[in-house]
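I opened this entry to keep a record of what I looked up, beginning with the aromatic side chains and then turning to the chain as a whole.

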Amino acid sequence: MPSKQTSPSRASSLALELASHAAMGVALGFGFCFALVLIEPASVAALISHADQPRTTAIMLVSFFALLFGAGATMTGIIFTTMERADRSDDP
């Protein structure tokens with residue numbers, strides 16, 4: 001007979017799952033941003049280099065995409081995790 005998890009254990013496992021989804025999203029955001037900068041037709045690197053403060057502009061661009069992808073992956077993780085847990089709790 002499987003043992004039931006306690007509430008703090010379930011909450012910590014949920015937090016760990018969501019943290020892993022957020023980390024994957026941030027990594028995808030970094031990859032997308034660096035690919036965007038390196039692709040020549042987009043000429044994002046040239047736009048950044050001609051800005052008044054290119055370092056600040058680059059940091060803001062990378063931060064935006066990392067947070068955007070991270071938040072999206074976390075929201076997707078919440079949906080997938082709750083659906084999976086609901087399916088598991090329905091099984092006898």
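Which residues form one aromatic cluster? I noted four names for it, namely Phe32, Phe64, Phe65 and Phe69. I keep in mind throughout that the model is predicted.

**Aromatic pairs**

I looked up the pairs next, and the count comes to four aromatic pairs. One of them joins phenylalanine 30 and phenylalanine 34, whose rings are stacked, with 6.3 Å from centre to centre and 15 degrees between the planes. Both residues lie in helix H1, which covers residues 7-38, and because they are four residues apart there, about one helical turn separates them. I then checked how far each is covered: phenylalanine 30 has a relative accessible area of 34% and is partly exposed, and phenylalanine 34, at 47% relative accessibility, also counts as partly exposed.

I went on to phenylalanine 32 and phenylalanine 65, which form an edge-to-face pair at 5.1 Å centre to centre, with 65 degrees between the planes. This pair links distant parts of the chain, since phenylalanine 32 belongs to helix H1 while phenylalanine 65 belongs to helix H3 (residues 54-90), and the two are 33 residues apart. Is phenylalanine 65 buried or exposed? I find phenylalanine 65 buried, because its relative accessible area is 13%, under the 20% that serves as the limit. For phenylalanine 32 the relative accessible area is 38%, so I entered this residue as partly exposed.

**The chain as a whole**

I then stepped back to the fold, where the protein chain shows three helices and zero strands, in the order α-α-α from the N terminus on. Why do I call the chain more spread out than a compact globule? Its radius of gyration is 19 Å, whereas the globule rule gives 12 Å for 92 residues, and the value is therefore well over what the rule gives. For the outline, I recorded that the C-alpha atoms fill a box of roughly 65 × 25 × 15 Å along the principal axes.

I also looked up contacts between residues at least 6 apart in sequence, and among these 76% join residues at least 24 apart.

**Surface and charge**

Buried residues make up 16% of the 92 residues, and phenylalanine 65 is one that I had already entered as buried. The accessible surface of the protein chain comes to about 7000 Å², and 71% of this area belongs to carbon and sulfur atoms. Last, I looked up the charges: the protein chain has 5 positive and 7 negative ones, and their mean positions are 12 Å apart.

Definitions and conventions:
Residues numbered from 1 in each chain as written. Predicted model: local features only at pLDDT ≥ 70, side-chain atom pairs only at ≥ 80, totals over all residues. Heavy atoms only, no water. Rg over C-alpha atoms; globule rule 2.2 N^0.38 Å. Buried < 20%, exposed > 50% of the residue type's maximum accessible area, 1.4 Å probe, protein only. Contact = heavy atoms within 4.5 Å. Areas by Shrake-Rupley, 256 points an atom, 1.4 Å probe, with all protein chains shown as cover. Lys, Arg positive; Asp, Glu negative; His and termini not counted. Charge placed at Lys NZ, Arg CZ, Asp CG, Glu CD. Phe/Tyr/Trp six-rings, centres within 6.5 Å; stacked < 30°, edge-to-face > 60°.
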